[in-house]
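Colleague: Could we go through this model together, with you telling me what stands behind each label you use?

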Amino acid sequence: MVDDAHGTGVIGKTGRGLIEELDAWDDVDLITGTFSKTFAFIGGYVVASKEMVSYLKYQSKQHLFSASLPPAAMAISKAIDLIDEEPHWMAKLHDNMEYFRYGLLSLGLDIGDTRSAVFPVRIGDKIKNARICHELHQRGIYTNQINYPAVSLKDARIRMGLSARHEISQLDQVLNVWSDIKHKYQL
């Protein structure tokens, strides 16, 4: 089983995720992912054999008590087509990812070994994490605060997502704010 929530549309030659990059199609029986990253929507997906999908439909409490996706979810189908039809967007996203990764690392921030378009900056302390997230929002930078129980008590982090539509000037603005925050909060 592979949960490729951060890889779909980003990793692999054609954006098919980690399984494509590792050429592991024959080694994986179950693929799960989310529509909330690459496709900017709600919900998720499971790719498996007909028997496995049937089993999950009737044995998974999460499925039994969930609602179906709204009709607007059909836009996801077109978004998947666009990954193939307009590959220049994936190339632009990779350029943005490389630029942003280099900027965060040159500031000395702990971003782990992320290879996706979702960048975590590890803060460690949940109170400091909340304060930094608030300040980022006040300075016009949208981020997500990730605290316990989503991560361990000492692994609080700020998470940011990039897109191919971000311009270098926008990434520089974020990096400049992070530079200020690093000094202010002694990261």
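Modeller: Let's start with proline 149, which lies in the loop between β5 (144-146) and β6 (156-161). This is a predicted model, in which local features need pLDDT of at least 70 and side-chain atom pairs count only at pLDDT 80 or more, while totals for chains, interfaces and linings use all residues. Residues are numbered from 1 along each chain as its sequence is written, and side-chain values use heavy atoms, leaving out hydrogens and water.

Colleague: What kind of peptide bond joins tyrosine 148 and proline 149?

Modeller: A cis bond, with omega at about 15 degrees. Most peptide bonds are trans, and most residues other than glycine have a negative phi.

Colleague: Which sign does phi have at aspartate 23, and where is aspartate 23?

Modeller: Phi is positive there, about 50 degrees, although aspartate 23 is not a glycine. Aspartate 23 sits in the loop between α1 (18-22) and β2. Glutamine 186 also has a positive phi, near 50 degrees, and is not a glycine either. Glutamine 186 belongs to the segment after α7.

Colleague: Why does aspartate 23 count as buried, partly exposed or exposed?

Modeller: The scale is relative accessible area with a 1.4 Å probe and protein chains only: under 20% is buried, over 50% is exposed, and in between is partly exposed. Aspartate 23 has 61%, so it counts as exposed. Glutamine 186 has 70%, so this residue counts as exposed too. By the buried cut-off, 37% of the 187 residues of the protein qualify.

Colleague: How do you decide what is a helix or a strand?

Modeller: Both are DSSP runs, numbered from the N terminus: H or I over at least four residues for a helix, E over at least two for a strand. The protein has 7 helices and 6 strands. A strand such as β1 (2-3) therefore meets the minimum of two residues.

Colleague: What makes two strands a pair?

Modeller: DSSP has to find at least two bridges between them. There are 2 bridges from β1 to β2 (residues 30-34), so the pair passes the cut-off of at least two. These strands run parallel, and valine 2 stands opposite isoleucine 31 in β2. With β3 added, the open sheet has the order β1-β2-β3 and mixed pairing.

Colleague: How many bridges join β4 to β6?

Modeller: There are 6, and the two strands run antiparallel. One bridge partner of note is methionine 160 in β6, opposite phenylalanine 119. The open sheet here runs β4-β6-β5, with antiparallel pairing. Its edge strands, β4 and β5, each pair on one side only.

Colleague: What do you call a nonpolar core?

Modeller: A set of buried Ala, Val, Leu, Ile, Met, Phe, Trp, Tyr and Cys residues joined through side-chain atoms within 4.5 Å. The largest one has 28 residues, and Phe100, Leu104 and Trp178 have the most contacts inside it. α5 (88-106), β4 (118-124), α6, β6 and α7 each supply at least two residues of this core, with α7 giving the most, 6 residues. Apart from it lies another core, of 11 residues, among them Phe35, Phe39, Ala73 and Ile76.

Colleague: Which residues does phenylalanine 100 touch?

Modeller: Contact means heavy atoms within 4.5 Å. Leaving aside residues up to four places away in sequence, phenylalanine 100 touches Phe119, Met160, Leu162, Leu171, Val174 and Leu175.

Colleague: At what angle do α6 and α7 pack?

Modeller: Helix α6 (residues 126-138) and helix α7 (residues 168-184) pack at about 145 degrees, with their axes 11 Å apart. The axes are lines fitted to C-alpha atoms over the stretch in contact, and angles run from 0 to 180 degrees between N-to-C directions. The contact is made by Ile132, Glu135 and Leu136 of α6 and Val177, Trp178, Ile181 and Lys184 of α7.

Colleague: How many of the residues in the contact of α6 with α7 are nonpolar, polar or charged?

Modeller: There are 5 nonpolar, no polar and 2 charged residues. Ala, Val, Leu, Ile, Met, Phe, Trp, Tyr, Cys and Pro count as nonpolar, Asp, Glu, Lys and Arg as charged, and the others, Gly among them, as polar. Glu135 and Lys184 are in that contact, so both are of the charged class.
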